Amino acid sequence: MEMTTILHSSLTNPPFTAHLSPSKFPRSFSTPFRLRTSLSFSPSLPPKSFPTNCSVSDDTTSSNVATVDLSIALKKKATDVSADLRGTSIFLVGMNNSVKSSLGMLLADLFRYYYFDSDALVSEAAGGESAAISLKESDEKGFRESETEVLKQLSSMGRLVVCAGDGAVQNSTNLALLRHGISIWIDVPLDMVAKGIIGNKSLLLSSEIAISGSYSELMALYEDMRRGYATADATVSLQKVAYQLGYEDMDAVTTEDITMEVLKEIERLTKVKKMMEAAARPF
């Protein structure tokens, strides 16, 4: 059975985790491969509660109330947006970092979507993260073709949140595939991205950046990608979110904070599309 058929079948009645039948694919990136993965569909976790004999300060209580209020607001906003979203997939682009991946998983949970990390799929096809980094450096063209193959299969489906790798914005074919959904650039300051790379050497960046954490090389990569990122349907800047919330430290911005801004952008885009569709109807 074709892998795309299996994927469509699994999405018809989505369980929390749908395991796909394994299929063989070449370890070389010179030819297209089939996806072999499991679909992540994370249910909401129950809220944490304090023991009855635990005393909580007023500041802690206020913080917990604010967190609960934001959680409720996020669920309400997601419900409101879902009606007009109509199962459209969401592609998150931007430098690889934990902010983007955490955001992606929370969005998938709020919309009851499946979550994919395109780099993780490419790594699996290569035989692991280390092999993927090695092959990226030894066969750049073949590696980029594999990224396109992954995006092609993901863009053919709906109800997905996809954290797209850097290769998603490196050629016109990939940019066109992103148009099958809503694309959002998650703009995170480079110093935060650099800290993440030093702490997580499995990110699919060149080995020089991953090992040394060279800021100059990271800056060069960012400049190379920025034009592609800017073609996204919307941009959500971590720095701007921090400023709007009155935070002096960008580390104070939570996943929930930035998720709310993303939901607002999705809401704006779906409303614009709805208005354009209404304007195009004959009287």
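In which helix is A125 found? The points below answer this and then turn to the remainder of the model, which is a predicted one.

1. **Residue A125.** The residue A125 belongs to helix α4. With a relative accessible area of 3%, A125 is buried, because the cut-off for that class is under 20%. V150 stands 25 residues from A125 along the chain, and the C-alpha atoms of the two are 9.9 Å apart. V150 is also one of the α6 residues that take part in the contact with α4, which is the subject of the third point.

2. **Overall composition.** The protein has 12 helices and seven strands. Of its 283 residues, 45% are buried. As to contacts between residues at least 6 apart in sequence, 77% of them join residues at least 24 apart.

3. **Packing of α4 on α6.** Two packed helices are described by the angle between their axes and the distance between the axes. For helix α4 (residues 118-126) and helix α6 (residues 140-155), the angle is about 125° and the axes are 10 Å apart. That angle makes α4 oblique to α6. The crossing of α4 with α6 is right-handed. On the α4 side the contact is formed by S118, D119, L121 and V122, and on the α6 side by F143, S146, E147, V150 and L154. By class, these residues comprise five nonpolar, two polar and two charged.

4. **E147 within that contact.** What is the environment of E147, buried or exposed? E147 is located in helix α6, and its relative accessibility of 7% places it in the buried class, since the limit is under 20%. Setting aside residues up to four places away in sequence, E147 touches D119, V122 and G167. Of these partners, D119 and V122 are among the α4 residues listed for the contact with α6. A reader who inspects the charged residues of the contact may therefore wish to view E147 together with D119, as both are in the list of contact residues and aspartate and glutamate count as charged.

5. **Packing of α3 on α12.** A second helix pair consists of α3 (residues 98-111) and α12 (residues 255-280), which pack at an angle of about 60° with their axes 10 Å apart. This crossing is right-handed. From α3, the residues V99, S102, L103, L106, L107, L110 and F111 take part, and they meet T255, E256, I258, T259, V262, L263 and I266 of α12. The contact of α3 with α12 has 10 nonpolar, three polar and one charged residues.

6. **Aromatic pairs, and F111 with Y113.** How many aromatic pairs does the structure hold? There are two. In the pair of F111 and Y113, the ring centres are 5.5 Å apart and the planes stand at 40°, so the pair is classed as tilted. F111 has a relative accessible area of 4% and is buried, and Y113, at 2%, is buried as well. F111 is also among the α3 residues that meet α12.

7. **Positive phi values.** Two residues other than glycine deserve a check of the backbone. R86 has a phi near 50°, which is positive, and R112 has a positive phi near 60°. R86 is placed in the loop between α2 (58-85) and β3 (90-93), whereas R112 is in the loop between α3 and β4 (114-117). Their accessibilities fall in separate classes: R86 is exposed, at 56% relative accessible area, and R112 is partly exposed, at 34%.

8. **C163 and its surroundings.** C163 is part of strand β5 (residues 160-163). Its relative accessibility is 2%, so C163 counts as buried. Apart from neighbours within four places in sequence, the contacts of C163 are L92, K100, S101, G104, Y115, F116, D117 and S118. One of these partners, S118, also appears in the α4 contact with α6. The C-alpha atoms of C163 and L103 are 9.1 Å apart, with their positions 60 residues apart along the chain. L103 in turn is one of the α3 residues that meet α12.

Note on methods
Residues numbered from 1 in each chain as written. Predicted model: local features only at pLDDT ≥ 70, side-chain atom pairs only at ≥ 80, totals over all residues. Heavy atoms only, no water. Phe/Tyr/Trp six-rings, centres within 6.5 Å; stacked < 30°, edge-to-face > 60°. Buried < 20%, exposed > 50% of the residue type's maximum accessible area, 1.4 Å probe, protein only. Axes fitted to C-alpha atoms, helices over the stretch in contact; angles between N-to-C directions. Helix = DSSP H or I, 4+ residues; strand = E, 2+ residues; numbered from the N terminus. Parallel < 35°, antiparallel > 145°, perpendicular 65-115°, else oblique. Left-handed = near helix turned anticlockwise from the far one by under 90°. Contact = heavy atoms within 4.5 Å.
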